[in-house]
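Hi,

Here's the structure I said I'd pass on. Have a look at it first, then read my notes underneath.

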Amino acid sequence: MSVGRAIGIVGGTFDPIHAGHLSMARGAQRQLGLELVLLIPAGIPWQRAPKASAQDRLAMACLAVGSDASLRVDDREVRRNRPSYTLDTLLELRAEWGLEHPLWLVLGADAFLNLPTWHRWSELFEQAHIAVACRPGYAFQEKDMDAVLKNEVDRRLQPLSAVQGPAGAIVLLDTPLLDISSTGIRQALHSHRPVGDLLPAAVLDYIESHHLYS
Ligand code: ATP
Ligand code: MG
C-alpha cells in the first residue's frame, strides 16, 4: 500500500473530546502510517443536539491536541453553515489533497454500524478508506450490521497489507479498548463525580471555567 502522505480523518461531536477519541486517532496514525490526522468537530451534527456550542467543542479539541504536530484540528465543519455531512468534508479534502493520497476515515465501531443512516453513505467509499476502531459494547459482527452494510463489508474488508489505492477499503484497527464516552463524562460532571484521566487536563479546565455540563 502507498502509505506516503496518507491522511486520517476523525470526525465527531466531541461534546466533549476525550481520551477515547485521542487514543483512536493516535492508534490509527501508528497502524496506518498516517502523515497527519485531522480531528474535525461537527458544527451542526444533524443526528443529535450537542450540549456545548460548536465554538466550545472546537476550542476543547484544540486544547486536547496541544502541541502534538501529528494531530490537527480542522474547523471546516464548524465554519460550514449547514448540517455537517461527512461526504461534503471528504469531497473537500479530496479536492485539496488530490486524487492519489489515501484518505482514511477513522470510525469507532458504533459509528460504523450506524453508517447506513448517513447522508449518501455509500459514496464515502469513493473518497476514502474506512478504518474501524473497536469500542466496548459494540462488536464488529456481521449479525449486527444492516444488510446493505454487510454487503459493503463482504466486498471491502481486507487486511491492511492488501490495501491499495486512495479509497474504498475497510480495515479493522487494533486499538486499545477504552470504555470512555462523552455521554458518560457529561453525566459524571453533572453529578460532580470525578472524571480523572478520561480527558486531558486542559479540556477539563476549559469545561470548569466555562461552566459546561454542570
Ligand atoms: P457521545 O456519548 O456524546 O455520543 P462519544 O464518546 O460517542 O460521545 P462522539 O463524538 O460521538 O463521541 O464520537 C466520535 C467518534 O469517536 C465516533 O467515530 C466514535 O465511534 C468514536 N469514539 C468515541 N469514543 C470512543 C472510544 N472510547 N473508543 C473508540 N472509538 C470511540
Ligand atoms: Mg457517540
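P16 sits in the loop that runs between β1 and α1. What is the peptide bond from D15 to P16, cis or trans? That bond is cis, and its omega is near 5 degrees. Most peptide bonds are trans, so it's a good one to click on. Before you go further, keep in mind that this is a predicted model, and every value below was computed from it.

Next, the ligand. The space that ligand 1 takes up is the largest pocket. How many residues surround ligand 1? There are 21 of them, and the closest are H18, R48, D110, S182 and T183. If you sort the shell around ligand 1 by residue type, you get 10 polar, 7 nonpolar and 4 charged residues.

Which parts of the chain supply that shell? At least two residues each come from β1 (7-12), α1 (19-32), β4 (103-108), α5 (109-113) and α8 (182-190). So β1 and α1, the two elements on either side of the P16 loop, both turn up again in the shell around ligand 1.

Three contacts are good to look up on screen:

- D110: a polar atom of the D110 side chain is 2.5 Å from an oxygen atom of ligand 1.
- H18: here a polar side-chain atom lies 2.8 Å from an oxygen atom of ligand 1.
- T13: this one uses the backbone, with a polar backbone atom of T13 at 3.0 Å from an oxygen atom of ligand 1.

How much of ligand 1 does the protein bury? Ligand 1 exposes 600 Å² when taken alone, and the protein buries 91% of that.

Now for two residues with an unusual backbone angle. Most residues other than glycine have a negative phi. H211 has a positive phi, near 55 degrees, and Y213 also has a positive phi, near 65 degrees. You'll find H211 in the segment after α9 (201-209), and Y213 is in the segment after α9 too. Are they buried or exposed? H211 has a relative accessible area of 64%, which is over 50%, so H211 counts as exposed. Y213 has 10%, which is under 20%, so Y213 counts as buried.

A few loop residues are left, and you can try the same reasoning on them. Start with S84, in the loop between α3 (76-79) and α4 (86-97). Its relative accessibility is 7%, so S84 counts as buried. S84 and I44 are 40 residues apart along the chain, yet their C-alpha atoms are separated by 5.4 Å.

Then there's P176, in the loop between β6 and α8. P176 is partly exposed because its relative accessibility is 45%, a value that falls between the 20% and 50% cut-offs. What separates the C-alpha atoms of P176 and M24 in space? It's 8.0 Å, although the two residues are 152 residues apart along the chain.

Finally, go to the loop between α7 (147-156) and β6 (170-172), where L160 is found. Q158 has its place in the loop between α7 and β6 as well. L160 is partly exposed at 26% relative accessibility, and Q158 is partly exposed at 25%. From C-alpha to C-alpha, L160 and L173 are 9.0 Å apart, with their positions 13 residues apart in sequence. For Q158 and G108, the C-alpha distance is 17 Å and the sequence separation is 50 residues.

If you want an order for your own tour, try the cis bond from D15 to P16, then the D110 contact with ligand 1, then H211 with its positive phi. Shout if you get stuck!

Cheers

Notes: Residues numbered from 1 in each chain as written. Chains lettered and ligands numbered in written order. Predicted model: local features only at pLDDT ≥ 70, side-chain atom pairs only at ≥ 80, totals over all residues. Heavy atoms only, no water. Near = heavy atom within 4 Å. Polar contact = N/O pair within 3.5 Å; in protein donor to acceptor, adjacent residues only side chain to side chain. Areas by Shrake-Rupley, 256 points an atom, 1.4 Å probe, with all protein chains shown as cover. 1 Å grid on protein atoms, 1.4 Å probe; cavity = no way out; pocket = protein on both sides within 12 Å on 5 of 7 lines; lining within 4 Å. Sits in = over half its atoms within 2 Å of the grid points. Helix = DSSP H or I, 4+ residues; strand = E, 2+ residues; numbered from the N terminus. Nonpolar A, V, L, I, M, F, W, Y, C, P; charged D, E, K, R; others polar. Buried < 20%, exposed > 50% of the residue type's maximum accessible area, 1.4 Å probe, protein only.
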